[in-house]
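Here's a friendly walk through the model shown below. Have a look at it, then read on for the details.

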2 protein chains.
Amino acid sequence: MSRLLAAVSAAALFVATPSLAQEVDLNAVNGIVDQGMNHSQVMQTAQHLTDVIGGRLTNSPAMRQAEGWTQQQFRDWGLSNVHAEGFEFGRGWSIVRSSARMIEPRPLDLHAIPIAWTPGTGGTISGPVVVAPIANAGQFDAWKGKLQGKIVMISTPDTGSEPDTAPFLRWTDAQLADRTSFSQPRNDPAAAERGLRSPQADFAGKLDAFLKAEGAIALVRMSARDGDLLHGTGSGYRVGQTPTVPGMELAAEDYRRLARLALSGTAPTLELMSEVQYDDTDVNAYNIIADIPGSARGGEYVMAGAHLDSWVAGDGASDNAAGSAVIMEAARILKAMNVKPKRTIRFALWSGEEQGLWGSLAYVDQHLATRAPLSDPAFANLTNNRTWRARWPIQPRPGYSDLVAYFNIDNGSGKIRGINAEGNIAAAPILEKWLKPFESMGVTTVGLRPSGGTDHVYMQTVGVPGFQFIQDPLDYNSRIHHTSADTYDHLKADDLRQAAVVLASILLSAANSDEPLPRMPLPTLPTPSDPFAYPAPN
Amino acid sequence: MSRLLAAVSAAALFVATPSLAQEVDLNAVNGIVDQGMNHSQVMQTAQHLTDVIGGRLTNSPAMRQAEGWTQQQFRDWGLSNVHAEGFEFGRGWSIVRSSARMIEPRPLDLHAIPIAWTPGTGGTISGPVVVAPIANAGQFDAWKGKLQGKIVMISTPDTGSEPDTAPFLRWTDAQLADRTSFSQPRNDPAAAERGLRSPQADFAGKLDAFLKAEGAIALVRMSARDGDLLHGTGSGYRVGQTPTVPGMELAAEDYRRLARLALSGTAPTLELMSEVQYDDTDVNAYNIIADIPGSARGGEYVMAGAHLDSWVAGDGASDNAAGSAVIMEAARILKAMNVKPKRTIRFALWSGEEQGLWGSLAYVDQHLATRAPLSDPAFANLTNNRTWRARWPIQPRPGYSDLVAYFNIDNGSGKIRGINAEGNIAAAPILEKWLKPFESMGVTTVGLRPSGGTDHVYMQTVGVPGFQFIQDPLDYNSRIHHTSADTYDHLKADDLRQAAVVLASILLSAANSDEPLPRMPLPTLPTPSDPFAYPAPN
């Protein structure tokens, strides 16, 4: 091959696969590994967030403490532009103490936790249970006049699970490949708006009003997991939308026992006590932001985020002190190395994730893109996260193009095994290149299947390159996620150290790459993926 | 072959393999299946024992209730000779209510249960924790002067488990074969006596006295299982041996959190409340006996048993309301069929199993065989189950040969997959024949390996043919055994119906067989299995 032909080939190759131009600074990787493994602080960070601060329900006192402590840590490590960005959320709520106990037909302590944002019981209350699984407002009539003075068991009791797969897993290569192949986007634009009109949309509020009107003294739910784990459930938290009937979740074994006793003619009597605190002094929730400033690309930045808030049971360790600690550790590593990236590297700790990705959505809406309002005034009071997908067109904000890449971590404590390129075929080879140095640490996979349920999603909805890491699942899905066992002791130090190293490196590569990561086209109103499907009833 | 030769052959065959003479009445099996599957009461029995009566700690009020209710059920079903056989056990103890709570550094309800037989706290007590894992009396000195006013964390904290096998299992054929091959008996006669002299033998009492003398206000232990399961632990229950320091077991996640906080400089303060009741009105525990009288073999009888008592956490469902319900259901089935067996069929519900097979040992000692006393007066006050294996020779009682076969069930709720012939090679082919009709129900295996830990063991020790069924494990070992999740909802109706049918049939076969089941030789003092092993320190 002549030199000329070789040059043409190389140019063609560059156009076809821009990834090959994206170099990874392997000397920097060596430095990151040294700092992130020999001098790791990730477990100390995670331990403070979990053991010392504890569960971090959005706007609770513990979350306020976490907002302050994480900012201070970022400042202590030398990060810049450390600040909290507020968005309207609702009331703070926290548990002071609670207990649940069967007193008839025999004394028995029950494993229970208040349902988040329900009011306290005002001392110990007692009453008989009634099993009344009410799933929609159409079922209210059947229970009218039957709930006065009762503790209403609102879940349908089931029987014990038969868990026949191992709770603690690491992905095999075959499993990784299975989970990450491309899948076509499935859109039903009409469904987004239909959802807003669904009678189920505000069922929780209607149920609370019905129980109140009927004179029920409390409501109890069954934990979504058995094996005596509490799972944690919640209720309305907006100012003015707080439920009025005290509620507790019971361990499944305890709930089912009560239901069987009621069914067999011995309706048990319970004693419930729930002491909780509301805090309306500040209805804003806060995302925490910290930067390593870039020097050479104007306003461009790369960002990594994890949600700092957690759910009501446990200490929010795997979900998501783990991810938060990895974000913070990547920041610490890069600052300790005194890197001077071309683009700013931004670290974000989101709030309000558990209530529907509120914090990251607020960031998108404030900094990246908004969407046209809905015309129907019936929707005027609905919250942003409920209407977001039904609103077209998307209106980019001035900072839209500045965010070059966003990396999210929110799948527990397992090490990074790859990343979801989220359907972005042009970005995939570049992500592969950036992750290549970590192949021997188990980072092998760039998947194209979109992943959901966490804080990169709203970036995806407006065409910003937001990616979620693929992690080993460990026992996150089987027993830890949102349960009373989501505590520090189930975190894995080796895994979190690896994750922080991989994240620090990919951030540095993205911040220093010559070209921005390819973006998806700005989303416009899609055609339905199945245009002749009969609309499902809501 | 001539007729004469054929007769000789048949005679020879009879001598060589007596099993072939043991016929199963298949018409009776059809009747048993009809009664045990179309008209089953096994789940109703199990539900009453678990939900209505609840956990049945030996000599607790609930166990007293179970003793009465099971006798009444046997009588209602028409069983004969229904009675309770007492043996000295100790104090009754039961939980009225309890709670545990961290108050510093942050408020948090903890998942806890009183340690059985520890005294109540006399209202709510509070104090700081100290992590003091004390494993033997030699470690007392290190903690002298450091425990005053403290809540002593006595377990060594660990980290989260990584359960990488399926919790819910049914045996494959290969697993069954693996678990049931013959294994040589391993005896070390000297070790039995050395055990009595071990300084660890009464460590619990010494620890209690040490903690009391040091002014510790309570002791807490870590649950043996994680995933927020309480496991249940116990302490001395003999009159005069009750511990003096209140004790609670904490969920592993809660215990480890406290330990980490203490280690990181923020020793938490707890509030503990434990209200318990002692009952010394009757220090006897009671086995429940019920018979279907035999008509043709004098005093000979076959027997099936399960322990009715349970441990402190949960409702004692898989351990062992399941087995008790199967025993009772087999009795009900056979009475409903109005069988007239040659030998008496006896049903036994043991007490005191969880404290060391007390009930079945008392039956052995009273009815079958006793053992010579130990000569050393230092051992005079030791209980029967501690000294039993160190006492030689065995002295058969007059009823020794009357018990032809004993069948035990105590491995949870899983269906019967076979039986352990417990090294009795001569009995194995007969057991195979009796179980053959149930092959298509999964009963495939007669194993020769001895099994331990439950109420056939003391019969084995004196040479009485006592066998334990092999059952599918389900989630018994992984999460149910002795935990707060040992509740009715984890029982499997199909499995328990099958077990009752199989048990009823094998009892009828054994009661009607022409020959008694072959016995092992009367045990005499064995030589050590490894005569030149250096004695392990106690």
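Chain A holds 16 helices and 18 strands. Helices here are DSSP runs of H or I with at least four residues, strands are runs of E with at least two, and both are numbered from the N terminus. Keep in mind that this is a predicted model, where local features need pLDDT of at least 70 and side-chain atom pairs count only at pLDDT 80 or more, while totals for chains, interfaces and linings use all residues. As for bookkeeping, residues are numbered from 1 along each chain as its sequence is written, chains are lettered from A and ligands numbered from 1 in the order in which they are written, and side-chain values use heavy atoms, leaving out hydrogens and water.

**Overall form**

Measure chain A's C-alpha trace along its principal axes and you get a span of about 90 × 55 × 50 Å. Chain A's radius of gyration is 25 Å, which agrees with the value near 24 Å for a compact globule of 538 residues. That radius is taken over C-alpha atoms, and the globule rule is 2.2 Å times the number of residues to the power 0.38.

**Two copies, one axis**

How do the chains relate? A turn of 180° and a shift of 0.0 Å along the axis lay chain A on chain B with an RMSD of 0.0 Å. The two copies are thus related as by a two-fold rotation axis. The superposition is by least squares on the C-alpha atoms of residues with pLDDT of at least 70 in both copies. Of chain A's residues, A:Ala166 comes closest to that axis, its C-alpha being at 2.0 Å. Both copies use the same surface, with 100% of the contact residues of chain A recurring in chain B.

**Where the chains meet**

In all, 48 residues of chain A are in contact (heavy atoms within 4.5 Å) with 48 residues of chain B. The two chains bury about 3,900 Å² between them, and 45% of that is on carbon and sulfur atoms. Buried area is the accessible area (1.4 Å probe) that two parts lose on being put together, summed over both.

The interface also has 37 residue pairs in polar contact, both residues being at pLDDT 80 or more. A polar contact is a pair of N or O atoms within 3.5 Å; within protein, one must be able to donate a hydrogen and the other to accept it, and residues adjacent in sequence count only if both atoms are side-chain atoms. On chain A's side, helix H3 (42-53), strand E2 (92-104) and helix H9 (252-263) each give two or more residues. The largest share, six residues, comes from H9(A). By type, that side divides into 14 nonpolar, 15 polar and 19 charged residues.

Salt bridges (a Lys or Arg side-chain nitrogen within 4 Å of an Asp or Glu carboxyl oxygen) number 16 between chain A and chain B. Over all chains the count is 70. Here are two that link the chains:

| Salt bridge | N to O distance |
|---|---|
| B:Asp315 and A:Arg257 | 2.7 Å |
| B:Arg479 and A:Asp226 | 3.0 Å |

The pair in the second row runs from helix H15 (residues 476-480) of chain B to the loop between strand E7 (218-222) and strand E8 (247-250) of chain A.

**Backbone oddities**

Most residues other than glycine have a negative phi, and most peptide bonds are trans. A:Trp117, not a glycine, has a positive phi of about 75°. The peptide bond from A:Trp392 to A:Pro393 is cis, with omega near 0°.

Conventions
Nonpolar A, V, L, I, M, F, W, Y, C, P; charged D, E, K, R; others polar.
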